[in-house]
Amino acid sequence: MTKSGKTEPRDLFPGALEMMVLQSLRWQPMHGYALVQHIKQRSNELLQVEEGSLYPALQRMLKDGLVKAEWKTSATNRRVREYNITAAGVRHLEREKSRFEQMLAGIHLVLSPAES
């Protein structure tokens with residue numbers, strides 16, 4: 001936190017954005033703006049996903065077959081590209097979540113006070 005009381009923006013570790021997008025899409029199909037808002041709300045506004053990071057990540061996931069997209073009309077009558085997780089995306093998410101939990105457990109052990 002800064003002296004002004006605001007939280008400093010932090011870079012996410014590699015793969016974090018991808019996991020959050022896939023988990024969000026597992027809940028329901030969403031367009032890019034809805035993904036940004038969903039991640040912001042679910043993180044209690046601790047995480048701010050920039051569109052400049054989101055759309056390249058979505059393109060990579062489309063190319064890798066982890067998500068699929070189709071054009072639709074939003075509730076506000078705008079043309080939006082809606083993303084949906086694929087079966088390959090679900091498998092990828094489960095593998096990445098498992099690896100993340102192992103890494104987090106290891107970091108926690110290293111940061112915990114040593115027992116004498």
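These are my notebook entries on a predicted model, covering its core, its salt bridges, one helix pair and a few single residues.

**Entry 1. Ground rules.**
I number residues from 1 along each chain as its sequence is written, and side-chain values use heavy atoms, with hydrogens and water left out. Because the model is predicted, local features need pLDDT of at least 70 and side-chain atom pairs count only at pLDDT 80 or more, while totals for chains, interfaces and linings use all residues.

**Entry 2. The core.**
I looked up the largest nonpolar core (a set of buried Ala, Val, Leu, Ile, Met, Phe, Trp, Tyr and Cys residues joined through side-chain atoms within 4.5 Å). I take buried as under 20% relative accessible area, exposed as over 50%, and partly exposed as in between, with a 1.4 Å probe and protein chains only. This core has 20 residues, and those that touch the most other members are V21, L22, L25, L35, L54, L58 and M61. Two or more core residues come from each of α1 (16–27), α2 (32–42), α3 (51–63) and β3 (79–85). Helices (H or I, at least four residues) and strands (E, at least two) are DSSP runs, numbered from the N terminus. Which element gives the most to this core? I find that α1 does, with six residues. As a general note, nonpolar side chains in soluble globular proteins tend to be buried together.

**Entry 3. L58 and M61.**
I went to L58, which sits in helix α3. L58 counts as buried because its relative accessibility is 0%. Not counting neighbours within four places in sequence, L58 is in contact (heavy atoms within 4.5 Å) with V21, L35, V67 and Y83. Y83 is 25 residues from L58 along the chain, and the C-alpha atoms of L58 and Y83 are separated by 8.4 Å. I then checked M61, again setting aside residues up to four places away in sequence: M61 touches E18, V21, L22, L66 and V67.

**Entry 4. S24.**
I looked up S24 in helix α1. Is S24 buried or exposed? S24 is buried, with a relative accessible area of 5%. Apart from neighbours within four places in sequence, S24 is in contact with M30, L35, H38 and I39.

**Entry 5. Salt bridges.**
I counted four salt bridges, taking a salt bridge as a side-chain nitrogen of Lys or Arg within 4 Å of a carboxyl oxygen of Asp or Glu. I wrote down three pairs, beginning with E94 and R26, whose side chains meet at 2.3 Å, N to O. This pair links distant parts of the chain, with E94 in helix α4 (residues 87–111) and R26 in helix α1, 68 residues apart. E94 counts as partly exposed at 35% relative accessibility, and R26 is partly exposed with a relative accessible area of 37%.

E94 also forms a salt bridge with K97, the closest N and O atoms being 4.0 Å apart. Both E94 and K97 lie in helix α4, three residues apart, which is about one turn of the helix. K97 counts as partly exposed at 27% relative accessibility. Through shared partners, salt bridges join R26, E94 and K97 into one network.

K72 forms a salt bridge with E82, with 3.3 Å between the closest N and O atoms. K72 lies in strand β2 (residues 67–73) and E82 in strand β3, so the pair ties together parts that are ten residues apart in sequence. K72 is partly exposed, with a relative accessible area of 35%.

**Entry 6. Helices α1 and α4.**
I looked next at how α1 and α4 are placed. Their axes come within 10 Å and cross at roughly 130°. Axes are lines fitted to C-alpha atoms, for helices over the stretch in contact, and angles run from 0 to 180 degrees between N-to-C directions. The crossing angle makes α1 oblique to α4; angles under 35 degrees count as roughly parallel, over 145 as roughly antiparallel, 65 to 115 as roughly perpendicular and the rest as oblique. On the α1 side I listed E18, M19, L22, Q23 and R26, which meet G89, V90, H92, L93, E94, E96, K97 and F100 in α4.

**Entry 7. Two loop residues.**
I noted E45 in the loop between α2 and α3. E45 is not a glycine, yet has a positive phi of about 65°. E45 counts as exposed, at 53% relative accessibility.
N77 is in the loop between β2 and β3. N77 has a positive phi of about 65° and is not a glycine. N77 is exposed, with a relative accessible area of 65%.
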